[in-house]
Amino acid sequence: MCRCMTDWSMLCRVGYVRRCAATLNPILGAVACRQKHTLPDLPYDYGALQPHICAEIMQLHHSKHHAAYVNNLNVTEEKYQEALAKGDVTTQVSLQPALKFNGGGHINHTIFWTNLSPNGGGEPQGELLEAIKRDFGSLQKMKEKMSAATVAVQGSGWGWLGFDKDSGRLRIAACANQDPLQGTTGLVPLLGIDVWEHAYYLQYKNVRPDYVKAIWNVVNWENVSERLQAAKK
Ligand SMILES: [Fe+2]
């Protein structure tokens with residue numbers, strides 16, 4: 001379970017389709033598998049997070065933006081596979097930025113949808129709440145610290161509550177662009193706030209702080225708790 005909630009392995013659960021039709025070549029004795037990522041369904045309707053996030057934002061965000069990351073990730077992986085087969089290291093290196101951007105976009109959004117819920121908000125319970133109090137003083141202080149770090153992201157990026165496996169403590173971090181939290185900082189992502197303009201501009205215009213304030217009303221603390229439990233294993 002612990003590894004199922006982390007970046008790539010998590011995608012296996014939510015949107016990874018294995019295509020191994022021609023799996024075993026009896027002559028060559030080789031296994032040839034191709035894997036494609038797919039857009040995961042939202043666990044709620046596009047309008048379910050209103051009034052905090054409007055339906056139009058959710059629809060565009062999920063069906064256009066996230067879908068584009070998925071499609072571009074698949075294209076990039078295909079090119080990477082070809083370069084790998086040819087031993088073309090130059091092309092492999094040149095594909096790294098696209099892999100990071102689109103792979104990160106897919107990872108981040110897949111987490112983000114489950115971090116939110118029409119029944120969200122309120123306060124976390126149990127071990128998560130105790131960990132927040134231990135590491136930040138109170139839930140309010142954690143929210144203030146994470147909100148400040150998230151609002152302060154320059155340009156496009158994400159604010160995160162993450163778990164540091166080395167120290168066993170919670171930490172706040174911000175990532176630029178679509179840089180995935182674990183892949184770039186080592187922290188296991190528990191709760192992410194997308195502050196790309198596509199996540200809020202249609203409703204909140206340039207007032208990013210209002211969007212960040214509103215999103216706490218739809219945070220799915222149960223999902224965050226499950227992620228913490230998985231990260232600790
Ligand atoms: Fe986004």
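## Around T185

Let's start with a small detail: a polar atom in the side chain of T185 sits 3.1 Å from the backbone nitrogen of L187. Keep in mind that this is a predicted model. The T185 side chain also reaches back to L181, coming to 2.6 Å from that residue's backbone oxygen. T185 itself belongs to helix α7, which covers residues 181-185.

Is T185 buried, partly exposed or exposed? With a relative accessible area of 41%, T185 is partly exposed, because that value falls between the 20% and 50% cut-offs. You can also look at T185 together with C175: the two are 10 residues apart in sequence, and their C-alpha atoms are 8.8 Å apart in space.

## Strand β7 and its partner

Now move along to strand β7, residues 188-194. How many of the 7 residues in β7 are buried? The count is 7 of the 7, so this strand is largely enclosed by the rest of the structure.

Strand β5 (residues 157-164) pairs with β7 through 6 bridges, and the two run antiparallel. If you want a spot to look at, find G159, which stands opposite I193 in β7.

## The annotated binding site

An unreviewed UniProt entry carries the annotation "binding site" for H61, H109, D194 and H198. These residues are spread over 138 residues of sequence, yet they cluster in space, with a largest C-alpha distance of 12.2 Å.

Take H61, found in helix α2 (residues 55-86). H61 is buried, at a relative accessible area of 1%. Setting aside neighbours within four places in sequence, H61 has contacts that include H109, D194 and H198. Others in contact with H61 are H66, F112, W113 and A199.

H198 sits in the loop between β7 and α8 (201-204). Its relative accessible area is 17%, so H198 counts as buried too, because the cut-off for buried is under 20%. Leaving out residues up to four places away in sequence, H198 touches I57, H61, H65, Y69 and H109. With H61 there is also a polar contact, side chain to side chain, at 3.0 Å.

## Salt bridges

Across the whole structure, a search turns up 6 salt bridges. One of them joins D179 to K100, with the closest N and O atoms 4.0 Å apart. D179 is in the loop between β6 (169-176) and α7, while K100 is in helix α4 (residues 96-115), so this pair ties together parts that are 79 residues apart in sequence. K100 is partly exposed, at 40% relative accessibility.

K232 and E127 form a salt bridge as well, with their closest N and O atoms 2.1 Å apart. This pair links distant parts of the chain, 105 residues apart: K232 is in helix α10 (residues 221-232) and E127 in helix α5 (residues 126-136). K232 is partly exposed at 43%, and E127 is partly exposed at 39%.

Then there's R169 with D135, whose side chains meet in a salt bridge at 2.5 Å, N to O. Here strand β6, home of R169, is linked to helix α5, home of D135, across 34 residues of sequence. Which of these two residues is buried, and which is partly exposed? R169 is partly exposed at 39% relative accessibility, whereas D135 is buried at 18%. R169 and D135 also belong to a network of salt bridges that takes in R134.

Definitions and conventions
Residues numbered from 1 in each chain as written. Predicted model: local features only at pLDDT ≥ 70, side-chain atom pairs only at ≥ 80, totals over all residues. Heavy atoms only, no water. Helix = DSSP H or I, 4+ residues; strand = E, 2+ residues; numbered from the N terminus. Buried < 20%, exposed > 50% of the residue type's maximum accessible area, 1.4 Å probe, protein only. Polar contact = N/O pair within 3.5 Å; in protein donor to acceptor, adjacent residues only side chain to side chain. Pairing = 2+ DSSP bridges. UniProt positions renumbered as here; feature names shortened; annotations may be inferred. Contact = heavy atoms within 4.5 Å.
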